[in-house]
Amino acid sequence: RGQCLTCHSSHGSDEPGMVRRAGSALCLSCHDAKKATIVAAHPGMDFATVHCTSCHDPHVQPKGAKGLLLPARHLPFSRGDCTSCHTSRGSASLKKSGAELCESCHPKGGWTGRKFTHAPVTGKDQCLSCHGPHGGVAEPSLKLAGDALCLSCHDSRPFQGSVQHAALKRGCTACHDPHGSNARMLMKEPSIADQCRKCHADLSKHLHPVTSDKPTPDGTPLTCTSCHDPHSAEHEGLLRFDGKRDLCVQCHETSMTK
């Protein structure tokens, strides 16, 4: 109905999202927790502590759907099998804590034993940094869809150059593993060069070396991203500097051009 101020304060609030009340207290200002249909759908739940938005979208739902339930539902939630994770139906108590609970069903291969691990995986919220325990807005039970999830933590400025890498249309996970990798920057392939060659296979006309063990002036080995920005840039070819001269003198002695 466009009545945003039913839930949100117009000027400020002590709560995230500028909502008028914290947690379920906001929802219960309209919804009666004692109503028979609500009690039947939430057996045994303590409405004083429950987080309504872990199951329900507070704004929209697909046409024809009911209950404002998040569309990408966690399979045990879809089945009504609460005791897969909780000690009893309606209880907030969990059988195990953190990622240990998720690993009782999901394989550990996404990060265990990898040289590099995505920080949220081992952070405070672990799996729940990105995934909803009951549902999400995108599969697999993600809190945000596509790159919006990544950009909720990562700075968006590197992606806003006038020349965009076409791979961005395929999303961050086209090149990066969201859980863990044996390569720097969570690359899916063993190295940056290997990752680039997944799409740019023919380098036969590229006369300049693209890899070398000899370090560049910044101390890193020469690779594709020494010259090209993998996300976006202000120069054609995603070059980090103007290709006529400025790029070359980043590594080559400037006295040779005088």
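## Exercises on a predicted model

A compact globule of 258 residues would have a radius of gyration near 18 Å, whereas the protein has 25 Å. The model is a predicted one.

### Exercise 1: Overall dimensions

Describe the extent, secondary structure and burial of the protein.

*Solution.*
1. The C-alpha trace spans about 85 × 45 × 35 Å along its principal axes.
2. Eight helices and eight strands are assigned in the protein.
3. Buried residues make up 23% of the 258; the cut-off for buried is under 20% relative accessible area.
4. The exposed surface of the protein comes to about 17900 Å², with carbon and sulfur atoms supplying 57% of it.
5. Take the contacts between residues at least 6 apart in sequence: 39% of them join residues at least 24 apart.

### Exercise 2: The cysteines

Determine how many disulfides the whole structure contains, and examine Cys102 and Cys175.

*Solution.*
1. The criterion is a pair of cysteine sulfur atoms within 2.5 Å.
2. Searching the whole structure yields zero disulfides.
3. Cys102 is accordingly in no disulfide, and the nearest cysteine sulfur, that of Cys127, is 3.7 Å away.
4. Cys102 counts as partly exposed because its relative accessibility is 23%, and partly exposed covers the range between under 20% and over 50%.
5. For Cys175, the closest cysteine sulfur is in Cys199; the separation is 6.8 Å, so the two are too far apart for a bond.

### Exercise 3: The β6–β7 hairpin

Establish how strands β6 and β7 are paired, and characterise the turn between them.

*Solution.*
1. Strand β6 comprises residues 212-215 and strand β7 residues 221-222.
2. The two strands run antiparallel and are joined by two bridges; at least two bridges are required for strands to count as paired.
3. Within this pairing, Ser212 of the hairpin stands opposite Leu222 in β7.
4. Five residues separate β6 from β7 in the hairpin.
5. In the turn, Gly219 has a positive phi of about 95°.

### Exercise 4: Pro217 in the loop

Is Pro217 buried or exposed, and which residues does Pro217 touch beyond four places away in sequence?

*Solution.*
1. Pro217 is located in the loop between β6 and β7.
2. Its relative accessibility is 59%, and therefore Pro217 counts as exposed, the cut-off being over 50%.
3. Leaving aside residues up to four places away in sequence, Pro217 touches Gln250 and Cys251.
4. Pro217 and Cys251 are 34 residues apart in sequence, while their C-alpha atoms are 6.1 Å apart in space.

Conventions: Residues are numbered from 1 along each chain as its sequence is written. This is a predicted model: local features need pLDDT of at least 70, side-chain atom pairs count only at pLDDT 80 or more; totals for chains, interfaces and linings use all residues. Side-chain values use heavy atoms; hydrogens and water are left out. Helices (H or I, at least four residues) and strands (E, at least two) are DSSP runs, numbered from the N terminus. Buried means under 20% relative accessible area, exposed over 50%, partly exposed in between (1.4 Å probe, protein chains only). The radius of gyration is taken over C-alpha atoms; the globule rule is 2.2 Å times the number of residues to the power 0.38. Contact means heavy atoms within 4.5 Å. Accessible areas come from the Shrake-Rupley method with a 1.4 Å probe; for residues, only the protein chains shown count as cover.
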